[in-house]
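Please look through the following model with its strand pairing and its ligand site in mind. The paragraphs after it take up these two topics in turn.

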Amino acid sequence: MSEKIKKILEKKEFSKGDIITLLQANKEERQLIFAKANQVKKDFVGLKTYYRGLIEFSNICAKDCYYCGIRASNKNVQRYDISDEQILQAVKFAYENNYGSVVFQSGERADKQFIERIEQLLIKAKKITKGKIGITISLGEQSLETYRRWYNAGAHRYLLRIESSNKELYYKIHPQNKMHDFDTRLNALYDLQKAGYQTGTGVMIGLPFQTYEHLADDLLFFKAFDVDMVGMGPYIEHTETPLYEHRNLLLPLEERFNLTLKMIAILRIMMKDINIAAATALQAIDPIGREKALKVGANIIMPNITPTINRENYQLYENKPCIDEGADECTHCLEARITISGDDIGYGEWGDAPHFEKRTKIKKEA
Ligand code: SAH
């Protein structure tokens, strides 16, 4: 069997069948995939990890996704919205500690007040860091016009997970209505590219009803869409959500974890020069889960720099790590752990994906 894996790994392109075989690799075989992924990482993006200081500034959300702990219908979560001042304080922390970039993430809202607030925040974040901080935003589905406004205000990367590229599965994990429309989400991704962002997407791994075939299709979707960045992590059930009732269908956590590492490694081999995040959810399963991901192809880590008082209320899933640690503590423990895993840290750099530059250059020349 490992001969079969070796043969696949020598190929230039993977078929769907190849990907499924790789996803099913056993403990020994998967080492071959991991070694190859780490080599590709070294050759194409370098053994370097970039930081994105993550600011989860509000858990107020208009959506009702069946898997998410901060869905609108969950009445057992205390809603919060961090003040602009505190957000900018966190930006300053990231800047002063040479993180290079920050991510603004929150529940999903598309009202006028929210759009304007974000625009102002982006302008201020750039101003207080003399234009030096790189800003990724992850604020859900918005109109092309809004995406453009925020881009012009200073954001240059955007994360919007498709959650599953399979429409049928998508509707098993979301309500089927206008607010949760698969095609709208997909179109939003195209709009992000149109607006000029480095565009990132991703999926959850180990969802109920999800098959190897779905996951292989997800990887092929990333490739076909020509994404610049991917963030994907294990699905972790949350008691206060509708999907919890299907927990009997889930793989054990450890298997969801291992499957995520394989997804990351295979994606690195398929898309050599993109940015791949070591998702925080990995750390909820294994204390050094993110570092393990860095060894098999991931190159981005998102240290949580949300003021600690609010962290316990941004629990998309249970067991979320580091909710009681301050940003400072996180920085120190992280640096040691990354260095031990063999990467340098790209302090003070934006760490954009080389893929983006190539993608846009080809377009300009065409
Ligand atoms: N509102 C933004 C940000 C969403 S939170 C948006 O719509 O894009 C970021 C990600 O957390 C989601 O895209 C989802 O993939 C992930 N997530 C939510 N609930 C989860 C769970 N129970 N387990 C694992 N990941 C989860």
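**Strand pairing and the ligand site**

In this predicted model, strand S1 and strand S10, the latter made up of residues 300-301, pair in the parallel sense over two bridges. Within that pairing, Tyr51 of the one strand finds its bridge partner in S10 at Ile301. Strand S1, which spans residues 48-51, is also joined by two bridges to strand S11, at residues 344-345, and these strands likewise run parallel. Here it is Thr49 that has its bridge partner in S11, namely Ile345. Strand S1 is thus bridged to S10 and also to S11. As a general point, side chains in a regular strand alternate between the two faces of the sheet.

The ligand is the next stop, and the space it takes is the largest cavity. Around the ligand stand 19 residues, of which the closest are Ser106, Glu108, Arg161, Glu163 and Ile236. Sorted by class, this shell holds ten nonpolar, five polar and four charged residues.

Which polar atoms of the protein lie 2.6 Å from an oxygen atom of the ligand? One is an N or O atom in the side chain of Glu108, at 2.6 Å from a ligand oxygen, and another is a polar side-chain atom of Glu163, which also lies 2.6 Å from an oxygen atom of the ligand. The backbone takes part as well, since a polar backbone atom of Tyr67 is 3.0 Å from a nitrogen atom of the ligand. Taken alone, the ligand exposes 560 Å², and the protein buries 92% of that area.

Key. Residues numbered from 1 in each chain as written. Predicted model: local features only at pLDDT ≥ 70, side-chain atom pairs only at ≥ 80, totals over all residues. Heavy atoms only, no water. Near = heavy atom within 4 Å. Polar contact = N/O pair within 3.5 Å; in protein donor to acceptor, adjacent residues only side chain to side chain. Areas by Shrake-Rupley, 256 points an atom, 1.4 Å probe, with all protein chains shown as cover. 1 Å grid on protein atoms, 1.4 Å probe; cavity = no way out; pocket = protein on both sides within 12 Å on 5 of 7 lines; lining within 4 Å. Sits in = over half its atoms within 2 Å of the grid points. Nonpolar A, V, L, I, M, F, W, Y, C, P; charged D, E, K, R; others polar. Pairing = 2+ DSSP bridges. Helix = DSSP H or I, 4+ residues; strand = E, 2+ residues; numbered from the N terminus.
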